[in-house]
Amino acid sequence: MTVAALAATAIVVLALLWEVLHPWAARKLDIFRANRARRADGDGLPGYDPGRERRAEQRARELLKSCVNEEEWAMYRDLGFIRVWGGESASAGDPVLSRDLRGAPYAYLVYPHRPIVAYLPQTGRLLNEYCVEFPDETRPYGSTRLPDSDDVLAKWMALKGDERRLISEANMHLPGRQIDPKMLQRDIWRLGRWERERLEGAAGRHAVGPAD
Amino acid sequence: MKFLRMRPGYGEQLLAEGDVEVAEDEERLVEEFRRQLEQGMWAAVPVETETGRREAEMVRAFEDIPRTTDRVIFFPRAAGGAR
């Protein structure tokens, strides 16, 4: 009698568990089958691989370092962005913003995967945001997005090589559209402090003279 | 001369390499250059000025590449970002 009661209880428990677990197990099985089919087709988005992305970024950093000036590399390494002076493009024609600024020197802050920001270094006044991307539609690993440092290098080369062409491709907005102006002002302040410290460091090294 | 291309999820990839003074190599490089531009790539050449400053030049034709340059970097053409 007791055995029969225990067996009946076990059957009820199993039935209840089945009711609870069956939808979850079916969902997991569907996901597993879908992933297997996608891998077999060689189609669809491959899984995100943090190791691959990290190696890609490491390669991109090396390339960036080998192309930009030592000061710009140090700026990117220490601050996370690069300042590029405007109006120095090798392409023909007037500087892009000089007409509006009556010759005042202007520069760009170049961040990875964020708009390029034009500003006046003398006053810190923000001028414009230029939203620009470099999408690779071949999507070799399912994404159109270049590694961070490649994005910075692409912007740097395009600004240096043909500022007008890059700016004409970008969507121009007033400052604050995508990047918080307070963050920009803080970055401009950080850049000023960083440059002063570098200058002081260099002056100190000169004053001490070569190490023996 | 090396042709490098920035790739998502990879970094730079070597597309082609050759000596522009060797006709066969040059022909191969010209073909690859055209192929990349047809795919919508922009091409840039890192250069160094007389004062030692590093700069970049954008090139639109193979003939524009300085003969002495050691690498040309291809990257996807710019497109307006978030509206």
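Helices and strands here are DSSP runs, a helix having at least four residues and a strand at least two, and they are numbered from the N terminus. With that in mind, and remembering that this is a predicted model, begin by selecting chain B, where you will find one helix and six strands. If you follow chain B from its N terminus, the elements come in the order β-β-α-β-β-β-β. The C-alpha atoms of chain B fill a box of roughly 45 × 35 × 25 Å along the principal axes, and of its 83 residues, 36% count as buried.

Next, select strand 5 of chain B, residues 71-76. Because five of the six residues in this strand are buried, strand 5 is largely enclosed by the rest of the structure. Now add strand 1 of chain B, residues 2-7, which runs parallel to strand 5 and is joined to it by four bridges; to see one such pairing, select Phe3(B), whose bridge partner in strand 5 is Val72(B). Then add strand 3 of chain B, residues 41-48, which is also joined to strand 5 by four bridges, although these two strands run antiparallel. Within this second pairing, Ala43(B) stands opposite Phe74(B) of strand 5.

Keep Ala43(B) selected, and add Ile82(A), Tyr108(A), Val110(A) and Trp156(A), since these five residues touch the most other members of the largest nonpolar core, which has 58 residues. Helix 5 of chain A, residues 148-169, gives the most to this core, with nine residues. For a closer view, centre on Tyr108(A), which, leaving aside its neighbours within four places in sequence, is in contact with Val84(A), Gly86(A), Ile116(A), Val117(A), Ala118(A) and Leu159(A).

Which residues should be selected to show where the two chains touch? The contact takes 38 residues from chain A and 24 residues from chain B. On the side of chain A that touches chain B, the elements that give two or more residues are helix 2 (50-67), strand 4 (125-133) and helix 5 of chain A. Of these, helix 5 of chain A gives the most, with ten residues. If you colour that side of chain A by class, you will see 21 nonpolar, six polar and eleven charged residues.

Finally, select strand 4 of chain A together with strand 6 of chain B, residues 79-80, and you will see two strands that run antiparallel and are joined by two bridges. Here Val132(A) stands opposite Gly80(B) of strand 6.

Conventions: Residues numbered from 1 in each chain as written. Chains lettered and ligands numbered in written order. Predicted model: local features only at pLDDT ≥ 70, side-chain atom pairs only at ≥ 80, totals over all residues. Buried ≥ 20, exposed ≤ 12 C-beta atoms within 10 Å, placed from the backbone. Core = buried A, V, L, I, M, F, W, Y, C linked by C-beta atoms within 7 Å. Contact = placed C-beta atoms within 7 Å. Nonpolar A, V, L, I, M, F, W, Y, C, P; charged D, E, K, R; others polar. Pairing = 2+ DSSP bridges.
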